[in-house]
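Student: Could you pick one part of this structure and walk me through it closely? I'd like to see how it sits among its surroundings.

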Amino acid sequence: MSPPPSPFWSRDRHRDRTTALRLRAQIIRNTRYYLEGQGFLEAEPNMIVASPGAETHIDAFEVEGRYLHTSPEFAMKKLLAAGAANIYALGKVWRKGETGPLHAPEFTMLEWYRAHERYEAAMDDCVAIISSAANVNHADPVLRWKDTACDAWLPPQKLTVADAFARYAGASGVLEGDRDLLAQTSGVAVKDDDTFGDVFSRVLVEKVEPHLGVGQLTILFDYPIAEAALAQPCRHDPRVAERFEVYACGVELANGFGELTDPVEQRGRLIAAMDEKQKRYGKTWPIDEDFLAALAHMPPATGCALGMDRLVMLAAHARHINDVLWTPA
């Protein structure tokens with residue numbers, strides 16, 4: 001068994017991490033410079049909230065009957081309803097139980113919104129922010145994770161979810177939401193109580209993600225509507241939603257939406273997600289009624305969230321997220 005790492009404040013360990021931390025500071029400066037050059041205003045949403053989000057499988061830290069936010073999404077959309085246009089937040093979020101080389105329970109998220117713009121605009125933002133981050137590492141300006149490299153300055157590969165599942169997993173039944181067909185054609189294990197979403201995630205993680213963002217960025221888009229709780233349906237095909245993710249070196253960096261603004265539809269999706277959370281984990285979060293009320297006044301918009309720690313990791317060629325956090329736990 002290897003000895004535990006030295007505390008982050010030990011001089012030897014801090015010296016080993018100094019280059020990565022300097023890259024982190026420059027990447028954050030460059031990110032703000034890009035967004036402000038695009039006319040964005042930095043917002044500072046509250047971090048303690050009445051309801052931390054809409055995700056079935058994400059857990060939140062509770063603070064005296066309220067929660068540390070898992071994302072600033074609800075607050076940012078309320079600001080859009082209030083009349084804000086292009087806004088971003090860059091700060092800490094918390095997700096309970098998420099630990100590992102690519103996960104920390106407290107991490108830094110960049111989230112931004114463009115009012116009255118299509119979600120392709122957020123894709124362009126992602127490419128600009130990620131390529132700028134890679135360029136900060138003058139010694140080797142490519143993104144790296146383990147044995148995989150990605151040149152973020154090359155034009156990104158764009159793949160629909162259905163095409164990626166077919167290409168890398170031989171899978172079909174994705175757009176139809178057919179759990180059994182998806183499992184059978186992809187060859188992943190399936191349990192009796194698995195939902196379509198369980199099998200979808202298993203195929204994505206085991207079969208598809210390792211091939212994404214290899215050599216160049218990959219933008220994965222047109223997600224099944226069941227896998228996009230906060231995104232609006234696509235105009236060209238109601239089976240899929242305006243959701244995309246950006247990958248580098250097999251690592252998910254960003255998740256974006258053409259935002260759903262129908263409060264009735266959104267309420268139904270939130271209730272379904274919380275019912276599933278109760279069924280699986282024996283807990284639920286309150287529905288944010290203030291968010292639903294604001295949604296009726298929110299303009300059409302696109303939004304995106306990007307994990308800054310992961311981006312710094314890949315730019316600095318770090319092996320673990322703790323290598324790029326100023327004060328890792």
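**A close look at helix 4**

Tutor: Happy to! Helix 4 covers residues 161-169, and its buried residues are V161, A164, F165 and A169. Keep in mind that you're looking at a predicted model. "Buried" here means that a residue has under 20% relative accessible area. Now turn the helix so that you look down its axis: those buried residues fall within an arc of 100 degrees, so they line one face of helix 4. What lies over them? The cover for the buried residues of helix 4 includes strand 9 (157-160) and strand 10 (218-224), along with helix 5 (179-186) and helix 6 (196-208). Follow the chain just past helix 4 and you reach G170, which takes a positive phi of about 65 degrees.

For a contrast, hop over to strand 13, residues 301-307. There, 7 of the 7 residues are buried, so strand 13 is largely enclosed by the rest of the structure. Its residues point two ways: A301, G303, A305 and G307 go one way, T302, C304 and L306 go the other, and all are buried. Strand 13 has paired neighbours too. Strand 6 (residues 106-115) pairs with strand 13 in the antiparallel sense over 7 bridges, and you can spot R114 with its bridge partner T302 in strand 13. Strand 12 (residues 251-258) also runs antiparallel to strand 13, joined to it by 5 bridges. For that pairing, look for F257, whose bridge partner in strand 13 is G303.

So, back to your request: in helix 4 the buried residues line one face, while in strand 13 the residues pointing either way are all buried.

Key. Residues numbered from 1 in each chain as written. Predicted model: local features only at pLDDT ≥ 70, side-chain atom pairs only at ≥ 80, totals over all residues. Heavy atoms only, no water. Buried < 20%, exposed > 50% of the residue type's maximum accessible area, 1.4 Å probe, protein only. Helix = DSSP H or I, 4+ residues; strand = E, 2+ residues; numbered from the N terminus. Pairing = 2+ DSSP bridges. Arc of directions from axis to C-beta. Contact = heavy atoms within 4.5 Å.
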